[in-house]
Amino acid sequence: MADLQDHPYAEPSAIGDVDEPPDGLAEALTPAEVDIERARVLLAAQLVVDGHNTLAQELDRTHWHDLQHGSTLLDTDIPRIRAGGVGAQFWSLCVPPGAMAVQETLDRIDAVRTLIASCPEALRLALTAADMVEARDCGRIASLLGPVSGTALGDSLGTLRAYHALGVRSVLIAGTAWASGPDGLTPFGEEAVREMNRLGVLVDLSGASEATMDRVLEVSKAPVILSHSAAGALTPHSANVPDDILGRLRANGGVCMVSFAPDQVTRRADQPATLWDVADHVEYVREVAGPECVGLSGSYGMTNDAPHTIGLEDASSYPNLIAELLHRDWCEADIAGLTWGNAARVVREAADAAQPAA
């Protein structure tokens with residue numbers, strides 16, 4: 001394997017003007033050992049908050065023992081989460097829209113909570129930013145429930161409150177009838193955003209229309225999150241975010257957690273997505289939104305044969321990306337914000353903005 005530090009494509013490049021990788025690139029190059037070791041040291045001190053893991057959809061086919069000791073079928077398990085330096089994980093509970101969405105969401109909440117309870121030496125349920133820190137400091141992976149699908153709310157704030165009582169702390173609003181149309185949000189949609197603010201539930205804008213993102217940023221009194229998005233200016237994709245919204249995140253205090261999903265980050269139709277593409281997206285979001293508004297989202301939780309970004313094939317791969325950012329002269333403060341600080345702040349500030357029921 002070639003050394004990433006010695007490879008011409010690894011040289012830092014200007015935002016939006018990235019050198020082409022070598023023709024025929026078929027596998028990840030190994031980051032320079034000096035950068036990898038430094039990345040591991042940094043991650044040991046300041047772990048990663050991962051914004052989006054879809055493992056819940058596989059839990060009915062995977063026993064918790066396999067996840068605790070290592071699964072050869074999936075791209076994520078507890079040993080690889082630990083090896084990747086992940087200290088907190090958002091577990092996606094999203095289900096397809098349909099008549100059974102509420103039941104399926106409740107089943108996924110139950111499955112993830114059962115997994116957490118079955119692995120007390122590795123996982124701990126986190127409801128607040130303080131819980132995240134306590135779990136991390138005890139050597140556990142803080143487990144946050146969410147997002148749930150906004151379509152699984154129907155038009156019921158009572159359902160939203162019930163999910164919150166079960167521990168859910170974010171809602172993905174894309175695809176709902178009340179977060180669409182030319183105005184971005186219907187009157188019920190605005191009421192739902194305000195209720196999320198009151199409860200301390202994060203509004204997740206990944207995949208929403210620009211009109212919806214605009215309106216949520218006008219209505220919300222709390223920071224928003226994009227749990228699995230990348231820069232739309234670099235890779236056009238329905239889950240990615242346009243520059244105008246990135247520019248508004250700073251005032252809102254929200255965070256765009258950059259996805260590793262290959263279709264969201266690929267830069268060239270004739271080349272596979274690589275960790276350099278992800279690094280380009282991370283740098284672009286930092287440039288447009290600010291260093292306090294960027295985080296990471298592995299988008300793991302799939303089978304090993306699903307498409308993966310080269311160099312970021314499974315949940316143990318975070319040191320590769322951090323090593324590349326170090327090679328691009330990122331300072332330790334910005335990396336600490338990227339990995340833990342920014343996401344933890346949003347969870348804390350959303351709770352701080354919450355108000356008790358009248």
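These legends walk through several close-up views of a predicted model.

**View 1. Strand β4 sits between two partner strands, β2 and β3, and is buried along its length**. Let's start with β4, which covers residues 141-145. Five of its five residues are buried, so the strand is largely enclosed by the rest of the structure. In a regular strand, side chains take turns pointing to one face of the sheet and then the other. Look at both faces of β4 here: Ile141, Ser143 and Leu145 lie on one side, while Ala142 and Leu144 lie on the other. Both of those faces are covered.

**View 2. Here is how β4 pairs with β2 and β3**. Strand β2, residues 86-91, pairs with β4 in the parallel sense, over four bridges. Which residue of β4 is the bridge partner of Phe90? That would be Leu144. Strand β3 is made of residues 123-125, and three bridges join this strand to β4. The β3 and β4 strands run parallel too. Across that pairing, Leu125 stands opposite Ser143 of β4. To get from β3 to β4, look for helix α5 (residues 129-137): β3, α5 and β4 together make a right-handed β-α-β unit.

**View 3. Leu125 of strand β3 gets a frame of its own**. Is this residue buried, exposed or partly exposed? Leu125 has a relative accessibility of 25%, so it counts as partly exposed, since buried would mean under 20%. Setting aside neighbours within four places in sequence, Leu125 is in contact with Arg113, Ile116, Ser143 and Leu145. Two of these names, Ser143 and Leu145, should ring a bell from one face of β4. For a sense of scale, Leu125 and Val102 are 23 residues apart in sequence, and their C-alpha atoms are 21 Å apart in space.

**View 4. Just past β4, the chain has a cis peptide bond**. The bond joins Gly146 and Pro147, and its omega is about 10°. Pro147 belongs to the loop between β4 and β5, the latter being residues 148-149.

**View 5. Strand β8 is another buried strand, and β9 is its parallel partner**. Five of the five residues of β8 (225-229) are buried, so this strand is also largely enclosed by the rest of the structure. Three bridges join β8 to β9, residues 255-259, and the two run parallel. In this pairing Ile225 stands opposite Val255 of β9. Now follow the chain: the path leaves β8, passes through α9 and arrives at β9, making a right-handed β-α-β crossover.

**View 6. Helix α9 packs against helix α11**. Helix α9 takes in residues 243-252 and α11 takes in residues 275-289. Their axes are 8 Å apart and meet at an angle of about 60°. That angle makes α9 oblique to α11. On the α9 side, the contact is made by Asp243, Leu246, Gly247, Leu249 and Arg250. On the α11 side, look for Tyr284, Val285, Val288 and Ala289. Sorted by class, the contact has six nonpolar residues, one polar residue and two charged residues.

**View 7. Ser299 and Asp329 both have a positive phi without being glycine**. Ser299 has a phi of about 55° and is found in the loop between β10 (294-297) and α12 (318-327). Asp329 has a phi near 70°, and its place is in the loop between α12 and α13 (332-353). Which one is buried and which is exposed? Ser299 is buried, with a relative accessible area of 10%. Asp329, on the other hand, is exposed at 67%.

**View 8. Glu58 is a buried loop residue**. Its loop lies between β1 (48-53) and α2 (64-69). With a relative accessibility of 9%, Glu58 counts as buried. What does Glu58 touch, not counting residues up to four places away in sequence? The answer is Leu74, Gly301 and Thr303.

**View 9. We finish with Ala165, an exposed residue of helix α6**. Helix α6 covers residues 157-165. The relative accessible area of Ala165 is 66%. Between Ala165 and Asp263, the separation is 98 residues in sequence and 35 Å in space, going from C-alpha to C-alpha.

Methods:
Residues are numbered from 1 along each chain as its sequence is written. This is a predicted model: local features need pLDDT of at least 70, side-chain atom pairs count only at pLDDT 80 or more; totals for chains, interfaces and linings use all residues. Side-chain values use heavy atoms; hydrogens and water are left out. Buried means under 20% relative accessible area, exposed over 50%, partly exposed in between (1.4 Å probe, protein chains only). Two strands pair if DSSP finds at least two bridges between them. A crossover is right-handed if, with the strands pointing away from the viewer, the path from the first strand over the helix to the second runs clockwise. Axes are lines fitted to C-alpha atoms, for helices over the stretch in contact, and angles run from 0 to 180 degrees between N-to-C directions. Angles under 35 degrees count as roughly parallel, over 145 as roughly antiparallel, 65 to 115 as roughly perpendicular and the rest as oblique. Contact means heavy atoms within 4.5 Å. Ala, Val, Leu, Ile, Met, Phe, Trp, Tyr, Cys and Pro count as nonpolar, Asp, Glu, Lys and Arg as charged, and the others, Gly among them, as polar.
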